[in-house]
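Let's take a walk through this structure together, side chain by side chain. Have your viewer ready, and follow along as each group of residues comes up.

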Amino acid sequence: MKRTFLSLKYYNYRLWFFTAIVANTGTWMQRVAQDWLVLTELTDNDAFAVGVTTALQFMPLLLITPYAGVLADRYDKRKIMYVTQSLMGLLAVGLGALVLTGFATVEIVYGFALALGTVSAFDTPPRQVFVSELVEPKHLTNAIGLNSASFNSARLIGPALAGLLIAVVGTGWVFVINGVSFGATLIGLAIMKSDRFFPIKHQPREKGQIRQAARYIRHRSDIVVILVVAGVISSLGLNFQLTSASMASEVFGKDAGEYGLLGSIMAIGSLTGALMAARRKESRVRLVVVAAFGFGIAAGVNAVMPTYWSYAISCIFVGYFTLTLLTSANMAIQTSVDPMMRGRIMALYQVVLMGSTPIGAPIVGWIAANIHPRWGIGIGAVAAIIVSIGALIWVRRNWNVTFEYRRRVKPHLVIIGPAEHAQRRQEHGTKRRSRERTLDATTQEQAALSSGVAAVPPRSATPEEP
């Protein structure tokens with residue numbers, strides 16, 4: 001347990017962790033309220049309209065996030081987040097005011113979703129890599145895992161609270177409350193102590209910095225595999241607000257409260273996955289691929305559940321594999337890249353992860369609306385299984401991945417990948433050099449004996465020696 005919460009010993013990280021729970025709770029409340037507003041109040045259960053709203057909110061990530069990554073590497077991340085967090089709070093309050101006064105329409109919600117997505121695109125890269133300045137590098141993996149735990153603690157509370165508030169006070173007040181919750185992050189940023197940061201040297205202003213990051217990724221096949229797997233699953237599989245809303249309202253005939261509860265139940269698995277991730281000392285590509293395959297199986301089971309409660313329980317496993325996949329991918333990339341390039345690399349990762357949503361969300365929404373909501377989930381399950389198996393075949397052929405079954409002490413299956421092969425080569429080289437040194441010493445000794453000269457170990461000359 002101590003290892004799980006190791007990063008909380010840092011004052012600035014503690015502030016970030018707990019204030020993020022408040023802000024993220026508000027964000028999850030708004031996501032649920034926004035989808036419910038479009039689906040049930042502004043349209044007649046139009047899942048495609050929900051998909052368009054989601055697509056507009058994530059579309060700016062495709063165009064803006066790479067430049068935001070450059071800014072994150074060049075400038076003070078805390079100052080950037082002062083601006084972005086304030087703007088997102090104002091947008092939430094503004095949309096809430098329009099809903100409360102009866103002026104909200106689908107088109108207005110589309111506009112606010114686009115504006116919020118634009119600000120979020122500038123906010124995401126500095127927020128993702130800011131944690132690297134709050135803890136020592138050796139504790140970065142733990143801090144990333146706890147960040148996911150914080151986010152999913154909020155996810156556990158936010159959807160259920162949103163469902164309750166929608167039923168009691170309406171969707172408009174949910175948006176207003178979310179706007180106020182951003183104040184927690186702003187206060188936390190303001191009271192952090194500057195002398196307790198672990199700053200990373202800012203990248204000087206140069207031309208072609210995005211191309212530089214793209215070239216870096218192109219020569220890192222491990223990152224490419226992660227991007228392909230995460231991008232495909234994000235596009236077609238991670239549309240939970242859309243698919244859960246369709247399943248709750250159309251398949252099971254439930255209201256906002258039951259819809260919000262689904263998100264909280266899924267967060268049980270997500271929080272478990274995040275806490276497990278915080279305990280890991282490192283993350284590898286193999287974990288990302290295994291988690292992707294597990295997600296495909298869990299989502300496939302989730303799609304065919306016959307009752308509301310069986311569907312809800314299966315959401316726990318979907319949440320667990322989702323967070324294991326995303327957190328492992330985040331850890332593997334952040335901890336293995338050049339710190340001065342981390343903002344740009346993570347920005348491009350977010351482009352693939354979140355920017356694929358505008359492509360997949362309308363497709364999933366159309367399938368859910370015109371074929372069946374269950375197929376809206378099923379298409380993501382099939383895609384996850386195919387891409388994970390494809391990644392496994394590729395890495396076995398290109399990285400010489402092998403499997404060994406060991407019977408000593410505790411029988412278990414061992415995966416031998418690039419890191420293990422490199423370690424074996426290093427150990428083999430060390431043993432070879434040791435044998436060569438031993439052979440050289442023996443040869444020299446024999447030569448000295450044959451010449452009648454006693455072999456003595458070499459000494460460093462000193463002034464006292466003749």
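**Charges, rings and a nonpolar patch**

R127 and D123 sit four residues apart in helix α5, about one turn of the helix. Their side chains meet in a salt bridge, with 2.6 Å from N to O. Please keep in mind throughout that this is a predicted model. How do the two partners fare in terms of exposure, buried or partly exposed? R127 has a relative accessibility of 30%, so this residue counts as partly exposed. D123 is buried, because its relative accessible area is 1% and the cut-off for buried is under 20%.

Side chains of opposite charge can pair when their charged atoms come close. How many salt bridges does the structure hold? There are four salt bridges, and two more of them are worth a visit here. R344 pairs with D73, and the closest N and O atoms of this salt bridge are 2.8 Å apart. This pair links distant parts of the chain, since R344 belongs to helix α14 (residues 342-355) and D73 to helix α3 (residues 60-74), 271 residues apart. Both R344 and D73 are buried.

Next, turn to E133 and K77, which form a salt bridge whose closest N and O atoms are 2.9 Å apart. Here again the pair links distant parts of the chain: E133 is in the loop between α5 and α6, K77 is in helix α4 (residues 77-100), and 56 residues separate them. Both E133 and K77 are buried.

The loop between α5 and α6 also holds H139. With a relative accessibility of 9%, H139 counts as buried. Which residues does H139 touch once its neighbours within four places in sequence are left aside? H139 is in contact with L6, S7, K9 and Y10.

Y10 brings us to the aromatic rings. Counting rings of Phe, Tyr and Trp whose centres lie within 6.5 Å, the structure has ten aromatic pairs. One of them joins Y10 and F198: the ring centres are 5.7 Å apart and the planes stand at 90°, so this pair is edge-to-face. What does the pair tie together? Y10 lies in the segment before α1 (11-41), while F198 lies in the loop between α7 (171-190) and α8 (209-218), so the pair ties together parts that are 188 residues apart in sequence. The two rings differ in how they are covered: Y10 counts as buried at 10% relative accessibility, whereas F198 counts as partly exposed at 29%.

Another aromatic pair is formed by Y308 and W309, and this one is also edge-to-face, at 5.2 Å centre to centre with 80° between the planes. Y308 counts as buried, at 5% relative accessibility. W309 has a relative accessible area of 52%, so W309 is exposed, the cut-off for exposed being over 50%. Zoom out a little from this pair and you will find a cluster, in which ring pairs link F252, Y308, W309 and Y311.

Rings can be viewed together with charges, too. The charged end of K254 sits over the ring of Y308, 5.3 Å from the ring's centre. Elsewhere, the charged end of K193 sits over the ring of Y11, 4.7 Å from the centre.

Now move to the surface. L100, I157, L161, L164, V168, V169, W173 and I177 form a nonpolar patch there, with about 700 Å² of accessible area together. The elements that give two or more residues to this patch are α6 (140-168) and α7. Which of the elements gives the most? Helix α6 does, with four residues.

Take I157 as a member of the patch to look at. I157 lies in helix α6, and its relative accessible area of 43% makes it partly exposed. I157 is also among the contacts of T25, which, with neighbours within four places in sequence left aside, is in contact with A154, I157 and G158. T25 is found in helix α1. Is T25 buried or exposed? T25 is buried, with a relative accessible area of 10%.

Notes
Residues numbered from 1 in each chain as written. Predicted model: local features only at pLDDT ≥ 70, side-chain atom pairs only at ≥ 80, totals over all residues. Heavy atoms only, no water. Phe/Tyr/Trp six-rings, centres within 6.5 Å; stacked < 30°, edge-to-face > 60°. Buried < 20%, exposed > 50% of the residue type's maximum accessible area, 1.4 Å probe, protein only. Lys NZ or Arg CZ within 6 Å of the ring centre and 35° of its normal. Patch = residues over 30% accessible without salt bridge, like charges linked within 9 Å, V, L, I, M, F, W, Y side chains within 5 Å. Areas by Shrake-Rupley, 256 points an atom, 1.4 Å probe, with all protein chains shown as cover. Contact = heavy atoms within 4.5 Å.
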